[in-house]
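Here are a few exercises to work through with the model open in your viewer. Try each task before you read its solution.

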Amino acid sequence: MKKIILTGDRPTGPLHLGHYVGSLKNRVQLQDEYRQFIIVADMQALTDNADNPRKVRENVTQVCMDYLACGIDPSKSTVFIQSLVPEIAELAMYFFNLVTVARLQRNPTVKAEIAQKGFKTEVPVGFFVYPISQAADIAAFNADLVPVGEDQLPMIEQAAEIMLRFNRIYGEEVFVKPRALVPEVARLPGVDGQTKMSKSLGNAIYLGDSADVLRQKVMSMFTDPNHLRVEDPGVVEGNPVFIYLDAFDPDKERVAELKDHYQRGGLGDVKLKKHLVDVLDYVFGPIREQRLLFSSDVGYVENVLKEGTEKAREQATLVLSRVRKAMCIDYF
Ligand code: TRP
């Protein structure tokens, strides 16, 4: 029996290069070896977009297009919509009893997001408890492995904690302990040099960006702020252009030479960025073209979601019947 992967995204916007290095690439590689479920977490997206359901709806399809364009193959991976698998919501309800308010308040990802979104004291309950609902996403599939970006580590840790607690209390080995898989490449900075590429920070390059938009974004990218003249020596460490080259340029020797040249002086930012444009076109050009094809066949994309959701529900139903039995609520 193949081991199970559960991973996914909030459909709040199309996916970007940060998602690609953060988890999409891993997912494409792992889909042969694992039974992979990919959740389009629309309920989680609604936890901080309750007043914007149309945005979430539209992005469910967009995110699925991103998956397919990157090489997620529906015959190997099951892509599904969270809200259409009500077993997840049911399991979240049981999990609510196993977590304290204090423990949720300590979750660093939630803490950071609450600060970033400017909720102050007006945090929606649904948002506050989303780590528990995310634990249910993972547990409803009894996943062994969860490939995610580094910022999600506290979530997986808390999920594992909840599942082990469930096992302890209900006296059965219902859940296996899920393991997070984070990528080798550290997180990708935004084009503005901020440490994280994110839609809400407005500093992202999207998988669906046209060649022109991609070029514009790269040419406006933040580099070493003290590298004013071409002759000046420049700093490579922490320089977003080099972080991108490290992440995407398949020719490592060439990257090493460019770094050398930049540090010596004599390599201008414009020339360097033009090289990065070429590299990104090489890696993402084919993905962009695939994406264009899928965007002209929305019916196909929606069907991938429909069939995936049916398959996902079968699996969650199996797990939930074991959960109910363990909890003595398998009435009739
Ligand atoms: N919280 C994840 C994100 O923001 C998305 C997500 C929802 C997820 N449920 C999940 C990731 C379950 C992994 C496993 O990217």
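**Exercise 1.** Find out which residue of strand 2 stands opposite glycine 8, then trace how the chain gets from strand 1 to strand 2.

*Solution.* Start with the pair itself: glycine 8 faces isoleucine 39 in strand 2. From strand 1 the chain goes through helix 1 (residues 17-30) to strand 2, and this β-α-β crossover is right-handed. Right-handed here means that, with the strands pointing away from you, the path from the first strand over the helix to the second runs clockwise. Next, look one residue further on: aspartate 9 stands opposite valine 40 in strand 2. In total, six bridges join strand 1 (residues 4-9) to strand 2, and the two run parallel. Strands count as paired if DSSP finds at least two bridges between them. Helices (H or I, at least four residues) and strands (E, at least two) are DSSP runs, numbered from the N terminus.

A word on the ground rules: this is a predicted model, where local features need pLDDT of at least 70 and side-chain atom pairs count only at pLDDT 80 or more, while totals for chains, interfaces and linings use all residues. Residues are numbered from 1 along each chain as its sequence is written, and side-chain values use heavy atoms, with hydrogens and water left out.

**Exercise 2.** Work out how strand 2 is joined to strand 3, and why strand 2 is largely enclosed.

*Solution.* First, the pairing: five bridges join strand 2 to strand 3 (residues 77-81), and these strands run parallel. One bridge to pick out is that of glutamine 36, whose partner in strand 3 is serine 77. Then check burial: five of the six residues of strand 2 (residues 35-40) are buried, so the rest of the structure largely encloses it. Buried means under 20% relative accessible area, exposed over 50%, and partly exposed in between (1.4 Å probe, protein chains only). Strand 1 is mostly covered, with five of its six residues buried.

**Exercise 3.** Say where asparagine 59 sits, whether it is buried or exposed, and which residues it contacts.

*Solution.* Asparagine 59 belongs to helix 3 (residues 53-70). Its relative accessible area is 9%, so asparagine 59 is buried. Leaving aside neighbours within four places in sequence, asparagine 59 touches Pro11, Thr12, Gly13 and Pro14. Contact means heavy atoms within 4.5 Å.

**Exercise 4.** Describe how helix 4 packs on helix 8.

*Solution.* Take the geometry first: helix 4 (residues 86-96) and helix 8 (residues 130-139) pack at about 125 degrees, their axes 8 Å apart. That angle makes helix 4 oblique to helix 8. (Under 35 degrees is roughly parallel, over 145 roughly antiparallel, 65 to 115 roughly perpendicular, and the rest oblique; axes are lines fitted to C-alpha atoms, for helices over the stretch in contact, and angles run from 0 to 180 degrees between N-to-C directions.) Now list the players: the contact includes Ile88, Leu91 and Phe95 of helix 4, and Ile132, Ala135 and Ala136 of helix 8.

**Exercise 5.** Which sign does phi have at asparagine 142 and at cysteine 328, and is each residue buried or exposed?

*Solution.* Keep the background in mind: most residues other than glycine have a negative phi. Asparagine 142 has a positive phi, near 45 degrees, and lies in the loop between helix 8 and strand 4 (145-147). With a relative accessible area of 11%, asparagine 142 is buried. Cysteine 328 also has a positive phi, near 60 degrees, in the segment after helix 14 (298-326). Cysteine 328 counts as exposed, at 61% relative accessibility.
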